[in-house]
Amino acid sequence: MYIKGKAPFKIKVVEPIKWNTRAKREQIIRDAHYCFAYVPAEEIPINLLTDSGTSAMSQEQWAGMMRGDESYYGARNWYNFEKAVQDYTGFKYVLPAHQGRAAEHVVCRALIKKPGGTAYANAHFGTTEAHVRLLGANPVNLPVPEALDPEVPADFKGNINLEAFKKAIKEKGEDNIPFLNMVLVNNFTAGQPVSMANLKEASKLARENGIKVVVDAARVPENAFFIKEREAGYGNKSIREICNEIFSYADVMHMSAKKSALVNIGGFVATDDESLYEEMGQWLIMFDGFITYGGLSGRDLEAVAIGLSEGLDYDYLAHRVGQVEYLGNLLRERGVPIYEPTGGHGVYVNGEKVYPHIPKEEFAAHALSVETFIESGVYAAENPSSLGWSRTDPETGKYTPPPFELLRFAIPRRVYTDSQLEYTADGVKAAMDKGKQVKGFRFIWKPDNEFLRIFYYKLERL
Ligand SMILES: Cc1ncc(COP(=O)(O)O)c(C=O)c1O
C-alpha cells in the first residue's frame, strides 16, 4: 500500500520552476498553435508529458558520471554497463544505444529480412511501429479485449490476445512473421502490465513456430513489480529474479534506458544469439556508434550502469508505482474519469468522458490537455488519441482512429512531490468543470508521416 510521504529518498539539489498567470499561459499556448512542442519547457511548471529521460538521478549516478572515461574504444564505463545489463537480462551479448529507438532500429534491421511480413505485438510503441513500416512490414497490435475498455478493472490488461496470435500464425504463416514484440508495461493500453503466464505462453507459441520473440523493456521493472504483487508464485521473488525470468522468454530485448534505468539518455540491446548480435552490431556502428558506446559518452554509460540497479529496488518501485496510484485516487475523488486500473508510469484520463460534446476528429483529449495547462500550468499529453495515433491503412486507404481519447499524466521518476500531484488533480478538475464551453481543434498544419503527429502539428480552435 502506498504511504503518502514515505519516499525512499530526499531532495538534495533544487531546480527552480517558474509560474505564469493564467492569462499568460493562455497566450503561450495560443502562440504555439496549441502544440506544446513549440512551448519552451521553462513555461511549464509541472511537466507530465513523459517519464522518458525526465528522471532525477541519484548521488551515486552523479558521482559515477565524474568517473566517465571518454576513450573511443572500450572505455572502463562500458564494462560496468555491459555487466549491469547482463545481470539485469541474463543475456550474454550487449550493445549500447543512444536511446530506445536506436536500439529498436538495429533489432528491426536484423529481424525484418524482406518486405511484406507482419510483426505482431500486444501493442507496438510508436517508434517500433515506424521502424517496422520503414522496412516494408506491417505492425499489428493484438491487445486483449478488456484492454479496450477503460472502465474494466483487471490485473493484466497489457496482455496479448493469445487466441488472436494463434490464428494470425495460422493465417499468415511463420515465414511472414518477422517477430513477436511484447511491450512491458504496455504503453498503448495505459501502462498496463503483462502477466508472466501470458508472456510465457506467447513466447512458447512463437518459438514453436520459429518466430523470434522481442521484449521492449522500457518499463520492465515496473511490470515486474506488478507481477510480484499480483501473480501467484512471485510474491517471494526479487524484482531482479522476475526480470531475469521475463527475459528468458525473449530471443532479444531492447530498452530505452530513459525510463526505468533512471537516466536522461541511453538505451541498449541484449541477446544470447551470437549471429544476431554480430549483425545488429554492424548496423549500430553505421547509425549510432561503436559497439562499446553506441552514441553515448562514457559518463552516460556509467549513469545507466548504476541507474539500472537502482531501478530494480523494491522500495523505490513501490513508491514509484504508488505515486501513480496516488494521482489516480486523487482524480477519482474529484470525479475525473480515468482508465482503470492505474498502470506503471502514469494516469490516463478518458478525454471522451470529460468532454463528451467534442467528437473524435476534434481531439477531446488534447482539449483537456490545453485547458489543464491554462487552468494550472500542468501539462499532460494525449496518448493514445486520434490526434497522433490515427492511421491510414497503406493497403486499403482506410483511416482509423485509435480506440481511445486518453490524456496521459506520465509521472517522472523521483521528481515531483505528492503535493504537486494534489495540485495537478485540482488543475484537471478545474479544466473538466469548464464543460461545454471548451471547444475542439482542427489541423492547420501536420507532418506527412502520420506517426510524427504524436510529436508536432499546428492547430486552431473551432
Ligand atoms: C514502450 C516504449 N518503447 C520504446 C520507446 C522509445 O524510446 P526512446 O524515446 O528512448 O527512443 C518508448 C519511448 O517512450 C516507449 O515508451
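Here are legends for a few close-up views of this predicted model.

**View 1. Two domains, and how they are laid out.**
Let's start with the big pieces. According to the domain assignment, domain 1 is made of residues 22-51 plus 313-461, while domain 2 covers 59-310. Measure between their C-alpha centres and you get 26 Å.

**View 2. Where the two domains touch.**
Zoom in on the contact: domain 1 brings 23 residues to it, and domain 2 brings 24. On the domain 1 side, α12 (314-333) and β9 (346-350) each give at least two residues. The largest share of that side is from α12, with five residues. As for chemistry, the domain 1 side that touches domain 2 has 13 nonpolar residues, along with five polar and five charged ones.

**View 3. A β-α-β unit.**
Next up are three elements: β3, then helix α5 (residues 126-134), then β4, which together make a right-handed β-α-β unit. Strands β3 (residues 118-121) and β4 run parallel, with four bridges joining them. To find one of these links, look at T118, whose bridge partner in β4 is N138.

**View 4. The two faces of β4.**
Stay with β4 (residues 138-141) and follow its side chains, which alternate along the strand. P139 and N141 point to one face, and both are buried. N138 and V140 point to the other face and are not buried. Such alternation between the two faces of the sheet is what side chains do in a regular strand. N138, then, is both the bridge partner of T118 and one of the β4 residues that are not buried.

Terms used. Residues numbered from 1 in each chain as written. Predicted model: local features only at pLDDT ≥ 70, side-chain atom pairs only at ≥ 80, totals over all residues. Domains from an automatic or database assignment. Contact = placed C-beta atoms within 7 Å. Nonpolar A, V, L, I, M, F, W, Y, C, P; charged D, E, K, R; others polar. Buried ≥ 20, exposed ≤ 12 C-beta atoms within 10 Å, placed from the backbone. Pairing = 2+ DSSP bridges. Right-handed = clockwise from strand over helix to strand, strands pointing away.
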